[in-house]
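User: Could you take me on a close look at one part of this model, the arginines around one short helix and the residue that follows them, and then place that part in the wider picture? I'd like one connected account that I can follow with the structure open.

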Amino acid sequence: MPSTPVTADRAPAGTTVLECRDLTVRFRTDRGEVAAVSDLSFDLRAGECLGVVGESGSGKSQTFLAAFGLLAGNGRASGSIRYRGEELLGAPPETLDRLRGDRLAMVFQDALSGLTPTMRIGDQLAEVLVRHRGLPRREAQDRAVQALAAVRVPDPGVRARSYPFELSGGQRQRVMIALAMLCGPEVLVADEPTTALDVTVQAQVLRLLRGLRDETGSALVLITHDLAVVAGLCDHVLVMYGGRAVETGPVREVLRAPRHPYTRALLRSMPSLTADPDVDLAVIPGQPPDLENLPPGCAFAPRCGRAHDACTADRPALRATGPGRASACHLDDAGGHHGV
Amino acid sequence: MLNYTLRRLGIAIPTLFIIVTAAFFLMRLAPGGPFDAEADLEPEVLENIRASYDLDKPLLTQYRLFLQRAVRGDFGPSLVYKDYSVTELIAIGLPVSIQLGLLAKLLALVLGCTGGIVAALRQNTTVDHAVMAMAMTGIALPAFVTAPILALVFGLYLKLLPVAGWDDGAWRNLVLPVVALALPQVAVIARLMRGGMLEVLRASFVRTARARGLGEARIVTRHVLPTALIPLVGYLGPALAGIMTGSLVIELIFNLPGVGRYFVQGALNRDYPLVMGIVIVYATFIILFNLLSDLAYAGLDPRVRKAYR
């Protein structure tokens with residue numbers, strides 16, 4: 001976004017901007033404690049795009065809600081998430097409010113209800129600049145219109161004076177992205193940014209995210225269950241299952257030669273335009289794991305066709321399987337590649 | 001918006017006409033008459049009195065006469081409060097009731113909104129439970145219990161404030177009735193405010209506002225309150241109209257010259273002109289405050305504003 005004041009203080013490309021270590025997120029419920037995320041560690045480097053993949057309830061959203069201090073009231077996070085060395089977990093509200101919306105930004109899944117219905121679009125954009133950049137109201141309003149133009153909202157001057165209900169779903173998601181990008185964040189987390197949108201609009205929004213990342217050099221985290229989106233946009237991928245990382249690595253390698261049976265199953269269940277239409281799409285048998293009753297072994301074992309005794313007894317650790325790659329599977333212990 | 005307001009005011013006139021007509025004939029259906037209490041009058045005298053108030057004419061003629069006078073703002077003489085016209089009685093009592101009612105509403109709004117907002121922001125903490133416990137007590141204790149207690153403690157024991165009386169609206173005389181009148185309303189408003197806040201605090205647009213680091217104060221005032229106030233506005237419309245009726249008990253206990261007592265005494269005494277005068281004032285209040293409440297909705301919610309155009 002050319003109009004945005006770019007802060008001089010940016011981490012050089014390749015250095016770690018977000019460092020997550022042994023993150024565990026628990027929720028107290030009527031039926032006891034539920035671990036939504038367990039022992040999760042990962043690094044996010046400046047300028048990198050990380051795809052976080054997993055089905056609903058795999059803990060991918062809760063990981064980043066914890067980083068932003070936005071967990072629901074009954075949720076507790078332990079471990080560590082640092083933004084350029086600064087601890088985010090348990091940080092006082094003032095610290096979080098200084099970073100959120102400025103250095104760290106998030107685009108949420110529910111674009112349709114993410115904007116305050118009683119405020120004009122322009123005011124919602126302007127208040128972020130007033131808050132984080134101390135701009136005078138008038139100037140902030142002008143910047144708001146520019147920001148709308150940058151995410152290609154038609155008639156930005158008119159739209160700035162509109163209320164959210166007067167915009168289409170795609171336009172609203174563009175506004176959400178404009179809001180997140182206003183201060184040129186170093187980390188942009190997009191949580192299923194296209195789920196609520198029409199298919200035609202989805203591609204536009206993804207193109208927009210990619211364009212913005214290329215322009216600003218923000219690190220982008222894309223939370224999704226769509227491997228095709230990850231393939232098109234991301235450098236690295238983190239596959240989560242039952243609240244744990246099951247496979248990580250560079251996107252090309254992981255998608256070409258997945259090591260974890262869950263990643264393979266996900267790839268097989270992807271629809272493709274070139275596949276034989278008479279062959280049924282592969283489905284992963286069984287149910288997503290019940291977070292209240294996780295098995296002692298591998299959470300995927302009940303659905304894995306090749307699970308053996310060790311799989312149900314011990315939980316496999318995440319182990320390096322190559323440069324920059326890791327996988328958590330007992331079948332991988334021998335180090336050899338198991339054919340599908 | 002102006003068009004909408006004018007349209008609503010246009011509808012108000014036929015509405016008022018229907019209310020007035022219904023009240024006029026319903027009242028006449030009730031047995032008894034205004035001079036029943038003065039039983040030992042000679043029949044001829046009674047007949048003379050009735051004739052002087054046009055009560056001997058056919059009902060439809062009386063109705064026509066009533067309408068002709070009412071459009072000129074003349075509701076006739078009170079049949080019970082001798083030497084007073086209904087317009088005079090209302091002119092004396094209404095300012096007292098309005099002053100009392102508005103001050104109480106204002107106090108209730110300030111305390112109720114503050115309590116409700118704080119309780120919602122500290123949901124399920126001691127603060128929340130304390131506010132809600134007080135609210136429940138406030139709702140459970142009617143004014144005819146709290147008012148004498150207040151008068152007893154602050155008037156008789158502590159001798160800080162007068163026990164009763166109006167004294168031309170001196171603030172010392174106003175404190176106790178205003179507080180007694182406000183207390184149950186504080187409770188209702190606090191509960192409505194808390195409920196509205198909790199509903200909105202869960203909305204995803206509040207989470208996205210937090211993700212922008214806007215700070216709690218700004219989020220509450222700009223993002224949460226406009227939506228959270230909507231249930232309260234719905235309650236306030238009719239409640240403001242109740243300024244007149246709501247203070248009846250308080251006016252009796254503290255012996256204040258308000259309009260509340262005319263409601264009951266007018267009806268019991270079959271003081272037809274007084275009842276009609278009160279009905280017209282009350283109906284006007286209800287129509288007016290409901291309109292104001294609907295306009296306040298439009299002020300808070302741009303979607304409603306668009307629909308009103």
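Analyst:
**Two arginines at a helix and its following loop**

Let's start with Arg98(A), which sits in helix H2 of chain A, the run covering residues 93-99. Please keep in mind that this is a predicted model, and I'll come back to its confidence below.

How exposed is Arg98(A)? Its relative accessible area is 44%, so Arg98(A) falls in the partly exposed class. Setting aside residues up to four places away in sequence, Arg98(A) touches Glu86(A) and His132(A). With Glu86(A) there is also a polar contact, side chain to side chain, at 2.7 Å. For a sense of distance across the chain, take Phe27(A): Arg98(A) is 71 residues away from Phe27(A) in sequence, and their C-alpha atoms are 26 Å apart.

Now step along to Arg100(A), which belongs to the loop between H2 and strand E6 (104-107) of chain A. Is Arg100(A) buried or exposed? With a relative accessible area of 6%, Arg100(A) is under the 20% cut-off and therefore counts as buried. Its side chain makes a polar contact of 2.7 Å with the side chain of Asp97(A).

Which residues farther along the sequence, or in the other chain, does Arg100(A) meet? Beyond its neighbours within four places, the contacts in chain A are with Phe68(A), Gly69(A), Leu70(A) and His132(A). From chain B, Arg100(A) is in contact with Arg210(B), Ala211(B), Arg212(B) and Gly213(B). One of these partners also offers a polar atom: the backbone oxygen of Arg210(B) is 3.2 Å from a polar atom of the Arg100(A) side chain. His132(A) links the two arginines in this account, as it touches Arg98(A) and is also in contact with Arg100(A).

**How confident is the model here?**

Chain A has a mean pLDDT of 87, and 94% of its residues reach 70 or more. Within the chain, confidence is highest in helix H3 (residues 121-133), at 95. The lowest value belongs to helix H7 (residues 199-216), with a mean of 82. The ends of the numbering deserve some care. Residues 1-6 of chain A stay under 50 in pLDDT, and the model gives them 15 contacts beyond four places in sequence. Residues 335-340 of chain A are also below 50, with 13 contacts beyond near neighbours in sequence.

**The partner chain**

Since Arg100(A) reaches into chain B, that chain is worth a look as well. Chain B has 15 helices and 0 strands. Its C-alpha trace spans about 85 × 55 × 30 Å along the principal axes. Of the 309 residues in chain B, 45% are buried. Among contacts in chain B with a separation of 6 or more, 73% join residues 24 or more positions apart. The chain exposes about 15400 Å², of which carbon and sulfur atoms supply 68%. It carries 27 positive and 20 negative side chains, and the centres of these two sets are 21 Å apart.

Inside chain B, Ser78(B) offers a buried counterpart to look at. Its place is the loop between helix H3 (59-70) and helix H4 (86-121), and its relative accessible area of 2% makes it buried. The side chain of Ser78(B) makes a 2.6 Å polar contact with that of Asp271(B). A polar atom of the Ser78(B) side chain is also 3.3 Å from the backbone nitrogen of Val80(B). Outside the four-place window, Ser78(B) touches Tyr53(B), Tyr84(B), Ser85(B), Val86(B), Leu89(B) and Asp271(B).

**Backbone spots to check**

Most residues other than glycine have a negative phi. Against that background, Arg152(A) has a positive phi of about 60°. Arg152(A) lies in the loop between helix H4 (137-150) and helix H5 (156-160) of chain A and is exposed, at 54% relative accessible area. In chain B, Asn255(B) has a phi near 55°, also positive. Asn255(B) sits in the loop between helix H12 (248-253) and helix H13 (260-268), and its 57% relative accessibility makes it exposed. In helix H13 of chain B, the buried residues are Gly260(B), Tyr262(B) and Gly266(B). Just after that helix, Arg270(B) takes a positive phi of about 55°.

Technical notes:
Residues are numbered from 1 along each chain as its sequence is written. Chains are lettered from A and ligands numbered from 1 in the order in which they are written. This is a predicted model: local features need pLDDT of at least 70, side-chain atom pairs count only at pLDDT 80 or more; totals for chains, interfaces and linings use all residues. Side-chain values use heavy atoms; hydrogens and water are left out. Helices (H or I, at least four residues) and strands (E, at least two) are DSSP runs, numbered from the N terminus. Buried means under 20% relative accessible area, exposed over 50%, partly exposed in between (1.4 Å probe, protein chains only). Contact means heavy atoms within 4.5 Å. A polar contact is a pair of N or O atoms within 3.5 Å; within protein, one must be able to donate a hydrogen and the other to accept it, and residues adjacent in sequence count only if both atoms are side-chain atoms. pLDDT is the predictor's confidence in each residue, from 0 to 100. Accessible areas come from the Shrake-Rupley method with a 1.4 Å probe; for residues, only the protein chains shown count as cover. Lys and Arg count as positive and Asp and Glu as negative; His and the chain ends are not counted. The place of a charge is taken as NZ of Lys, CZ of Arg, CG of Asp or CD of Glu.
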